[in-house]
Amino acid sequence: MRYLWKYIMDCGRGGDVESLFVATEEEVENLIGKDVYFGEVLGKHSEVYGNVERSQIKKMDLDSE
């Protein structure tokens with residue numbers, strides 16, 4: 001089953017990278033520990049990259065309405 005997940009990467013003074021995505025629990029487990037590269041999403045010369053940690057991903061509770 002696929003769920004809605006929220007990803008938040010704290011980039012210090014530069015800001016945060018936040019995202020919503022749809023994935024299975026298995027796909028999210030496979031993502032943990034992987035390197036990600038977002039380029040200059042926080043402005044010129046920002047070079048946002050890092051390692052995905054379990055604490056950065058949260059399964060969203062959705063109301064059936």
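The exchange below goes through the fold, core, strand pairing and one loop residue of a predicted model.

Colleague: Which pattern does the protein chain follow, read along the sequence?

Modeller: The protein chain contains one helix and five strands. Its C-alpha trace spans about 40 × 25 × 15 Å along the principal axes. Read from the start of the sequence, the pattern is β-β-α-β-β-β.

Colleague: What percentage of the residues in the protein chain is buried?

Modeller: A residue counts as buried under 20% relative accessible area. The chain exposes about 5,100 Å², of which carbon and sulfur atoms supply 48%. Of the 65 residues, the buried share is 20%.

Colleague: How far apart are the centres of the positive and negative side chains?

Modeller: There are 8 positive and 14 negative side chains in the protein chain. The distance between the centres of these two sets is 3 Å.

Colleague: Which strand gives the most to the largest nonpolar core?

Modeller: That core has 10 residues, including Trp5, Tyr7, Met9, Val17 and Ala23. At least two of its residues come from each of strand 1 (2–10) and strand 2 (16–24). The top contributor, with three residues, is strand 1.

Colleague: In which sense do strand 1 and strand 2 pair?

Modeller: Arg2 stands opposite Thr24 in strand 2. The hairpin of these strands has five residues between them, and Gly12 there takes a positive phi near 70°. Strand 1 and strand 2 are joined over nine bridges, and the sense is antiparallel.

Colleague: Which residues does Val48 touch, leaving out those up to four places away in sequence?

Modeller: Val48 is itself a member of the largest nonpolar core. Two of its contacts, Met9 and Val17, are also listed in that core. The full set is Met9, Cys11, Val17, Tyr37, Phe38, Gly39, Val41 and Leu42.

Colleague: Is Gln56 buried or exposed?

Modeller: Gln56 is found in the loop between strand 4 (48–51) and strand 5 (57–59). Beyond four places in sequence, Gln56 touches Lys6, Tyr7, Ile8, Met9 and Asn51. Its relative accessible area is 13%, and the cut-off is under 20%; therefore Gln56 is buried.

Colleague: What share of contacts between residues at least 6 apart in sequence joins residues at least 24 apart?

Modeller: A contact here means heavy atoms within 4.5 Å. Among contacts in the protein chain between residues at least 6 apart, the share joining residues at least 24 apart is 41%.

How values were computed. Residues are numbered from 1 along each chain as its sequence is written. This is a predicted model: local features need pLDDT of at least 70, side-chain atom pairs count only at pLDDT 80 or more; totals for chains, interfaces and linings use all residues. Side-chain values use heavy atoms; hydrogens and water are left out. Helices (H or I, at least four residues) and strands (E, at least two) are DSSP runs, numbered from the N terminus. Buried means under 20% relative accessible area, exposed over 50%, partly exposed in between (1.4 Å probe, protein chains only). Accessible areas come from the Shrake-Rupley method with a 1.4 Å probe; for residues, only the protein chains shown count as cover. Lys and Arg count as positive and Asp and Glu as negative; His and the chain ends are not counted. The place of a charge is taken as NZ of Lys, CZ of Arg, CG of Asp or CD of Glu. A nonpolar core is a set of buried Ala, Val, Leu, Ile, Met, Phe, Trp, Tyr and Cys residues joined through side-chain atoms within 4.5 Å. Two strands pair if DSSP finds at least two bridges between them.
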